[in-house]
Amino acid sequence: MRNVWIICQKELNSYFTSPVAYLLLTMFALIFGFFFWNSVGYFNMMGLESQMRGQAFPMSVNEYVIRPLLSNVSVIGLFFIPMITMRLFAEEKRMGTIELLATSPVRDMEIIIGKWLAALILYAVMMLFTAINFAFLFRYGNPDWKPLAIGYLGLLLQAGGLLAVGTFISTLTKNQIIAGAATFGVCLMLWVLEWVAGYETATWAKVLAYFSVISHFESFAKGVVDTKDAVYYLSLIFLGLFLTSRSMESLRWRT
Amino acid sequence: MITVQGLTKRYARTVAVDHISFQVQKGQIVGFLGPNGAGKTTTMRILTCFLPPSEGTANVAGFDVLENPMEVKKRIGYLPETPPVYPEMEVREYLTFVGKLKGMSGQSLANRVTEVGERCAVADVQSKLIGKLSKGYRQRVGLAQAIIHNPDVLILDEPTAGLDPKQINETRELIRGLAGDHTILLSTHILPEVEQTCEQVLIINKGKLVATDSVHNLQNRARGAESVWVEVEGRDGSLDPKVIQGRLERISGVSRVIFKETSNNRSSFEVESLKDRVIRGDLARAVVEAGWNLNELRSAAMSLEEIFLQLTGTELAVEATPAVEAVAQGEER
């Protein structure tokens with residue numbers, strides 16, 4: 001456990017001493033800010049409209065603002081995850097520092113989890129920026145905080161899975177760009193897989209759609225913890241980390 | 001401290017290390033010598049538990065690399081060919097990180113970082129980014145990293161590669177200073193390095209161990225009798241090499257004269273002495289007195305370089321280190 005934390009700290013340091021973390025955070029804050037601004041603007045307009053028609057039915061901030069925004073974040077995250085994970089192992093391999101880690105009295109799994117945890121923490125910091133925006137909703141409105149909390153839990157689970165996959169891909173190459181591009185491709189595929197369910201109802205389409213990371217997020221966005229979806233994300237995390245450890249092991253046989 | 005038996009490493013198509021066996025005693029500095037691609041790095045990577053062997057066993061500091069890699073890793077310090085440093089870290093930060101990785105913590109780690117920094121002469125740059133350091137400093141940071149946890153065994157892969165001559169000397173000094181406390185295995189393809197720093201040599205070629213002996217013995221093996229290279233030039237017109245050879249053979253203490261080559265009226269010979277006889281003075285005098293020019297007279301005794309080439313059977317790729325040249329031009333008479 002101590003070793004996991006040592007590695008994790010080192011990774012966080014290198015995220016935050018290089019421009020990487022700041023760039024990602026800034027970009028994310030800008031993009032999410034824009035989404036938030038749009039969403040709230042639309043909500044306001046809808047509110048005015050319904051008032052003018054004289055049918056003042058209650059409009060839920062949770063349903064009209066928070067829920068779509070959380071879904072947006074889960075998609076935006078797909079674009080940021082490759083940039084977070086691409087350097088994790090590729091850089092160590094290129095610099096030769098992997099030899100230091102692999103010849104230190106540290107287990108492979110401790111290195112892997114440490115790195116993955118650092119990536120997850122960076123993602124969580126990104127999520128903090130969304131919290132600043134959501135805080136305004138709580139200041140001027142009266143949304144329910146529980147669905148939002150569950151939404152965040154879902155985002156972290158989803159990111160955990162994709163980050164684990166990204167970490168695995170990063171062990172396959174010395175080249176960060178390749179690692180990043182491949183991770184991006186995989187993330188994108190995992191997103192669009194659910195589209196087949198839109199026009200096809202055969203079993204294969206259902207299976208394919210099941211593998212889509214986005215479709216499993218819907219329940220979390222609604223504020224519901226569905227065991228099925230949680231299990232999917234947890235399995236993805238385990239699969240990703242397991243493949244990473246296999247890949248690191250094979251590194252020793254191939255180098 | 002290190003016991004290797006029948007160690008073999010196969011890759012898909014090649015055999016990088018082929019059944020090598022050797023032992024290194026505690027406190028020794030051992031040079032691991034071989035041309036590039038001979039299998040030095042692979043062997044070192046096996047000893048440091050970075051690569052598993054395909055066959056054979058390696059025991060480092062009392063533990064087997066396959067059965068007890070964690071225990072081995074705790075007891076070794078390893079400097080790979082390129083120092084494994086993070087350019088975005090400061091020197092002190094980096095050494096502290098490595099110390100933690102090796103299981104140290106708290107005040108003892110902080111003290112050790114300071115101590116090692118001074119010992120490896122990187123104390124003056126301890127708050128600089130490693131990425132901004134020169135190659136020499138980076139190498140020393142790499143060395144500091146290897147000794148931070150005071151390991152029993154130090155494994156250094158070409159510790160002086162890419163340094164300038166001054167830095168090379170400093171690094172060798174440093175390594176020599178580390179002997180005694182640590183058992184050191186260092187690889188190199190530079191021979192004088194072994195002659196200067198090591199007590200014991202392992203010569204490896206194409207994955208096979210071709211010789212293992214002390215530096216002293218290896219040199220003696222080649223230097224039993226003196227062997228001198230002479231080049232003689234006739235002064236007036238052409239000179240028959242046979243005449244010179246005949247003259248040289250008559251000098252007392254000479255056991256054998258081997259004619260090497262002749263061109264432009266210059267002839268070269270390799271003259272071997274009887275055991276423990278010094279013949280250079282007589283040789284020079286004989287040539288000059290015969291009225292010839294003595295163009296060159298140098299020791300042809302085998303340097304470690306030649307032993308190495310002889311053993312590894314490779315061609316002399318680079319010019320051998322300039323041998324002592326005692327050029328005595330014949331006086332005008």
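**An all-helical chain A and a two-domain chain B**

From the N terminus on, the elements of chain A run α-α-α-α-α-α-α-α-α-α-α. The secondary structure of this chain thus comes to eleven helices and zero strands. Chain A has a radius of gyration of 20 Å, close to the 18 Å that the globule rule gives for 255 residues, so chain A is as compact as a globular protein of that length. Along the principal axes, the C-alpha trace of chain A spans about 70 × 45 × 30 Å.

It helps to keep in mind that this is a predicted model. The model as a whole scores ipTM 0.88 and pTM 0.81. For chain A the mean pLDDT is 90, and 98% of the residues reach 70 or more. Within chain A, the element with the highest mean pLDDT is helix H7 (residues 145–170), at 94, while helix H9 (residues 203–210) of chain A has the lowest, at 85. For chain B the mean pLDDT is 82, and 86% of the residues reach 70 or more. One stretch of chain B calls for some care: over residues 315–333 the pLDDT is below 50. Beyond near neighbours in sequence, this stretch of chain B has 29 contacts in the model.

Turning to the architecture of chain B, the domain assignment gives domain 1 (2–220) and domain 2 (224–312). The C-alpha centres of domain 1 and domain 2 of chain B lie 43 Å apart.

One sheet of chain B is open and has four strands in the order E2-E1-E4-E5, with antiparallel pairing. At its edges are strand E2 (15–24) and strand E5 (63–64) of chain B, each of which pairs on one side only. Strand E1 (residues 2–10) and strand E4 (residues 55–60) of chain B run antiparallel and are joined by five bridges. As an example of the register, B:Ile2 has B:Val60 in E4(B) as its bridge partner. Helix H1 (residues 40–47) of chain B packs on this sheet and touches E1, E2 and E4 of chain B. The direction of H1(B) makes about 120° with that of E1(B).

A second open sheet of four strands in chain B follows the order E12-E13-E11-E14, again with antiparallel pairing. Strand E12 (254–263) and strand E14 (293–299) of chain B stand at the edges with a single partner strand each, so one side of each is left without a neighbour in the sheet. From one strand to the next, the twist averages 20°. Strand E11 (residues 227–233) and strand E13 (residues 266–273) of chain B run antiparallel, with seven bridges between them. Here B:Val232 finds its bridge partner in B:Ser267 of E13(B). Two helices accompany these strands. Helix H9 (residues 241–249) of chain B lies across E11, E12 and E13 of chain B, at about 160° to E12(B). Helix H10 (residues 280–289) of chain B lies across E11, E13 and E14 of chain B, and runs at about 165° to E14(B).

Chain B also offers a neat hairpin to look at, built from E9(B) and E10(B) with two residues between the strands. Strand E9 (residues 200–205) and strand E10 (residues 208–214) of chain B pair in the antiparallel sense over six bridges. B:Asn205 stands opposite B:Lys208 in E10(B), and B:Lys206 takes a positive phi near 45°.

Finally, the two chains meet in a contact that takes 16 residues from chain A and 20 residues from chain B. On the side of chain A that touches chain B, helix H1 (2–17) and helix H5 (98–102) of chain A each supply at least two residues. The largest share of that side, four residues, comes from H1(A). By class, the side of chain A that touches chain B has five nonpolar, eight polar and three charged residues.

How values were computed
Residues numbered from 1 in each chain as written. Chains lettered and ligands numbered in written order. Predicted model: local features only at pLDDT ≥ 70, side-chain atom pairs only at ≥ 80, totals over all residues. Domains from an automatic or database assignment. Pairing = 2+ DSSP bridges. Contact = placed C-beta atoms within 7 Å. Axes fitted to C-alpha atoms, helices over the stretch in contact; angles between N-to-C directions. Nonpolar A, V, L, I, M, F, W, Y, C, P; charged D, E, K, R; others polar. pLDDT = per-residue confidence, 0-100. Rg over C-alpha atoms; globule rule 2.2 N^0.38 Å.
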